[in-house]
Amino acid sequence: MPNAPQLMNLFWSSSGIYPVGTGISPFDLEARAKSAAKAGFGGLSFWHTDLEHVLATRSLAEVKAVLDDNGLTTFEVEFIEDWFVDDERMAASDKRKWWLLEASQALGAHHVKIGDFKNTPVEMPRLIDAFASLCADARKYDAQIGFEFMASAMVHRLEDCRAMVEGADAPNGGLIVDIAHTNALGISNEAVAAIPGRYMISVELGDNLKRDTLGYEPGQRRYCGEGELDVAGFIAAAKASGYMGAWAVEVFNTAHADWPLETLDQQAFETTLPFFRD
């Protein structure tokens, strides 16, 4: 199809596991790469614990070769947390940061995802400085840094997220905007459209059932078109912001736990593609 979008299937969509526990997929890397390519995806992503598991038997060069052999790119490596704290957690965060940046460079990743799952209190001046510092470290590896805002993060109001990335003003740093989180947080498509395009690192797609108190049904995401969210409006808003990058699919649901790998990839691709047809 003319002007076909580049779609990426993120780790939690294709790993066959729910985002709890060890974070290690039961599917072999080569099988995942072949399945993603067969479905039509242009790339995939790595979660840090699964990548460590993969690297127990393969080098980074060998991982890159598997992707290259299947015509895939590395869209994303994740996840760096505690990158802004000022206590004993920083040592572990730094250790993960450096090896994920090295992996990002070796695999040619589009970006490295960062965030927070603990609503960790932090003042904005420190947050801006920490984000700027992380982006400076990432530039040594030609890496981009994307902050995914969500209800569990240290900041999740869009104005605060923008204050962080705009205050740091790093050429390689910005936001990861996920339809699941914008709806959960009550962030309108109009507000998404108002994000400066230079700060849009990645856009994540999926669907869900709306809930009055949370904005969506937590943890049980649907594929595009199978829920009640305004997927078409969200995509239009991201485009209006100036976003011209690849589109990531991130759908996880406990009902998918027993699905074959090929089904996970095919459903993710075939339900997302129609939203880009003219």
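Here is a walk through this structure, from its overall build down to a few individual residues. Keep in mind that you are looking at a predicted model.

Let's start with the whole thing. The protein has 11 helices and eight strands. Its radius of gyration is 18 Å, close to the 19 Å that the globule rule gives for 278 residues, so the protein is as compact as a globular protein of that length. If you lay a box along the principal axes, the C-alpha atoms fill roughly 45 × 45 × 35 Å. Buried residues account for 54% of the 278. On the outside, the accessible surface adds up to about 11700 Å², with 51% of that belonging to carbon and sulfur atoms. As for how the chain meets itself, take the contacts with a separation of 6 or more: 78% of them are between residues 24 or more positions apart.

Leu7 gives you a good look at such long-range meetings. You'll find Leu7 in strand β1, which covers residues 7-9. Is Leu7 buried or exposed? Its relative accessibility is 2%, and the cut-off for buried is under 20%, so Leu7 counts as buried. Setting aside neighbours within four places in sequence, Leu7 touches Phe41, Gly42, Gly43, Trp247, Phe269, Thr272, Leu273 and Phe276. Val249 is 242 residues away along the chain, yet the C-alpha atoms of Leu7 and Val249 are separated by 7.3 Å.

Next, empty space. Rolling a probe the size of a water molecule over the atoms shows where empty space is left. Searching the whole structure turns up one cavity of 30 Å³ or more, and the volume of the largest cavity is about 40 Å³. Which residues line the largest cavity? They are Phe11, Ser14, Arg32, Leu44 and Ser45. The elements giving two or more residues to that lining are α1 (11-14) and β2 (43-47). By character, the lining splits into two nonpolar residues, two polar and one charged.

Finally, some backbone details to click on. The peptide bond from Glu78 to Phe79 is cis, with omega near 25 degrees, and Phe79 lies in strand β3 (residues 73-80). Then there's Asn119, where phi is near 50 degrees, a positive value in a residue other than glycine. Asn119 sits in the loop between β4 (111-114) and α6 (124-139), and at 42% relative accessibility it counts as partly exposed. Asp169 also has a positive phi, near 50 degrees. Look for Asp169 in the loop between α7 (158-168) and β6 (173-178); with a relative accessible area of 42%, Asp169 is partly exposed.

Terms used: Residues are numbered from 1 along each chain as its sequence is written. This is a predicted model: local features need pLDDT of at least 70, side-chain atom pairs count only at pLDDT 80 or more; totals for chains, interfaces and linings use all residues. Side-chain values use heavy atoms; hydrogens and water are left out. On a 1 Å grid over the protein atoms alone, a cavity is a set of points where a 1.4 Å probe fits but cannot get out, and a pocket is an open set with protein on both sides within 12 Å along at least five of seven lines; lining residues have an atom within 4 Å of a point. Grid points are joined across faces, edges and corners, and a volume is the space filled by probe spheres set on the points. Helices (H or I, at least four residues) and strands (E, at least two) are DSSP runs, numbered from the N terminus. Ala, Val, Leu, Ile, Met, Phe, Trp, Tyr, Cys and Pro count as nonpolar, Asp, Glu, Lys and Arg as charged, and the others, Gly among them, as polar. The radius of gyration is taken over C-alpha atoms; the globule rule is 2.2 Å times the number of residues to the power 0.38. Buried means under 20% relative accessible area, exposed over 50%, partly exposed in between (1.4 Å probe, protein chains only). Contact means heavy atoms within 4.5 Å. Accessible areas come from the Shrake-Rupley method with a 1.4 Å probe; for residues, only the protein chains shown count as cover.
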